[in-house]
Amino acid sequence: MRIRDAKVVICCPGRNFVTLKIQTDDGIYGLGDATLNGRELAVAAYLTEHVVPCLIGKDASRTEDIWQYLYRGGYWRRGPVTMTAIAAVDVALWDIKAKALQTPLYNLLGGRVRDGVMVYGHANGRDIDEAADEVGKYLSQGYLAVRAQCGIPGLPTTYGVSKDKMFYEPAEAGLPVENSWSTEKYLGHVPKLFERLRSTYGDEVHLLHDGHHRMTPIQAAHLGKQLEPYRLFWLEDAVTAELQEGFRIIRQHTTTPLAVGEVFDTVWDTKTLISEQLIDYLRMSLRGGGITALRKIASFADIYHVQMGSHGATDLSPVTMGAALHFDLSISNFGVQEYMHHSPETLEVFPHAYSFVKGYMHPGDRPGHGVDLDESLAAKFPYQRAYLPVNRKLDGTLWNW
Ligand code: KDG
Ligand code: MG
């Protein structure tokens, strides 16, 4: 089963997606997601110019060897562009392997260890009343876990608060827009949101919150303590995690569970966080090197009681969503999967086998990861430049978005 051809398909059915399609000489193809929000064309060029020529003629069943070839063999290791490209190749090859063996991908990863994958939805509102109503809508649709974000008085925009509730998409066409930020205003307001949610919806629902990298460790420690009475499932991305030791300060002060990892690329980003048990959930997506890498990272995390909590934002295509569900179904230290709804156009471009029932998702039982690409429809949605916002403090200092 040799690789005969590989090509990159870029489309924008509401947002940009980069998809790698690998074809074998016996007629099987596999798909991998190579989307890196706001840097899509860099990964596309990395694949087309530097990876695809090396793949042609290789044995498609040698997923581990090809991973090592692209990681070790590239000399320049790690980084989001490299690891997103390697992930796309790896997921496409696992898709091929499972299709060749005529079985759903989860069977190659050890088989199912649970019946379904618990997912969390994104509820948000301009104020606490609106956010609380949105949480109620998710619960009435059967969600067992809901992330809640709300507008902060005195700030014109807030991370996570969207115009279109079900299809939240922070990247906007054109050059980056600028948001403004005040951690002080945020810290004073967020506990009120969760006080309301617990008093309205009781103890059963799992509540989550994303700090989106904006606090310092001591500010995050303070927020974690304030939120303890409301027993969050997790507080996500409390601080940026380039300095993994920074989490020691948060951990010393609060029992609110901590999650981080959506911008991580390799196991090296997690080493101190996991081995010192500074976090509870690792939120890497398959973008960090694909299934080959994430299986090893999940096993490492398992030793230290850290559970996986897959990033599933709309800037990861349905291909990542489908493959992630197979992964989630097969690892024992799984926590929860993020599920943001893709636009109807995106779901048409990517026909898929996965489904949502009563708070759980299932990848379906088609051979492979179960997500396809309608290339002729994709061609009707050409690339459009779009970026995530940038953030400034009220005095104009550039800050983390
Ligand atoms: O591309 C950036 C998004 O994936 C990110 O802003 C979404 O924080 C996010 C999340 O938790 O889904
Ligand atoms: Mg996040």
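This passage describes a magnesium site and two helices, α6 and α9, in a predicted model.

The magnesium ion (ligand 2) is coordinated by the carboxylate-bearing residues Asp-210, through OD, and Glu-236 and Glu-262, each through OE, at 2.0 to 2.2 Å. Along the chain, these donors follow the spacing D-x25-E-x25-E. Because Asp-210 lies in strand β8 (residues 206-210) and Glu-236 in strand β9, the pair ties together parts that are 26 residues apart in sequence. Both Asp-210 and Glu-236 are buried.

Strand β9 (234-236) also takes part in the surroundings of helix α6, since the elements that cover the buried residues of this helix include α5 (183-201), β9 and α7 (246-253). Within α6 itself, which comprises residues 217-227, the buried positions are Gln-219, Ala-220, Ala-221, Leu-223, Gly-224 and Leu-227.

Helix α9 comprises 14 residues (290-303), for which a rise of 1.5 Å a residue leads to an expected span of 20 Å; the C-alpha atoms at its ends are 21 Å apart, in agreement with that expectation. Buried residues in α9 are Gly-290, Ile-291, Thr-292, Ala-293 and Leu-294, together with Ile-297, Ala-298 and Ala-301. The cover over these buried residues includes the helices α2 (63-71), α3 (80-100), α8 (271-275) and α10 (318-330), as well as the strands β11 (281-282) and β12 (307-308). After α9 comes His-305, a residue whose phi is positive, near 60 degrees.

Notes: Residues numbered from 1 in each chain as written. Chains lettered and ligands numbered in written order. Predicted model: local features only at pLDDT ≥ 70, side-chain atom pairs only at ≥ 80, totals over all residues. Heavy atoms only, no water. Helix = DSSP H or I, 4+ residues; strand = E, 2+ residues; numbered from the N terminus. Expected span 1.5 Å × (residues − 1). Buried < 20%, exposed > 50% of the residue type's maximum accessible area, 1.4 Å probe, protein only. Contact = heavy atoms within 4.5 Å. Donors = N, O, S within 2.8 Å, 3.2 Å for Na, K, Ca; no water.
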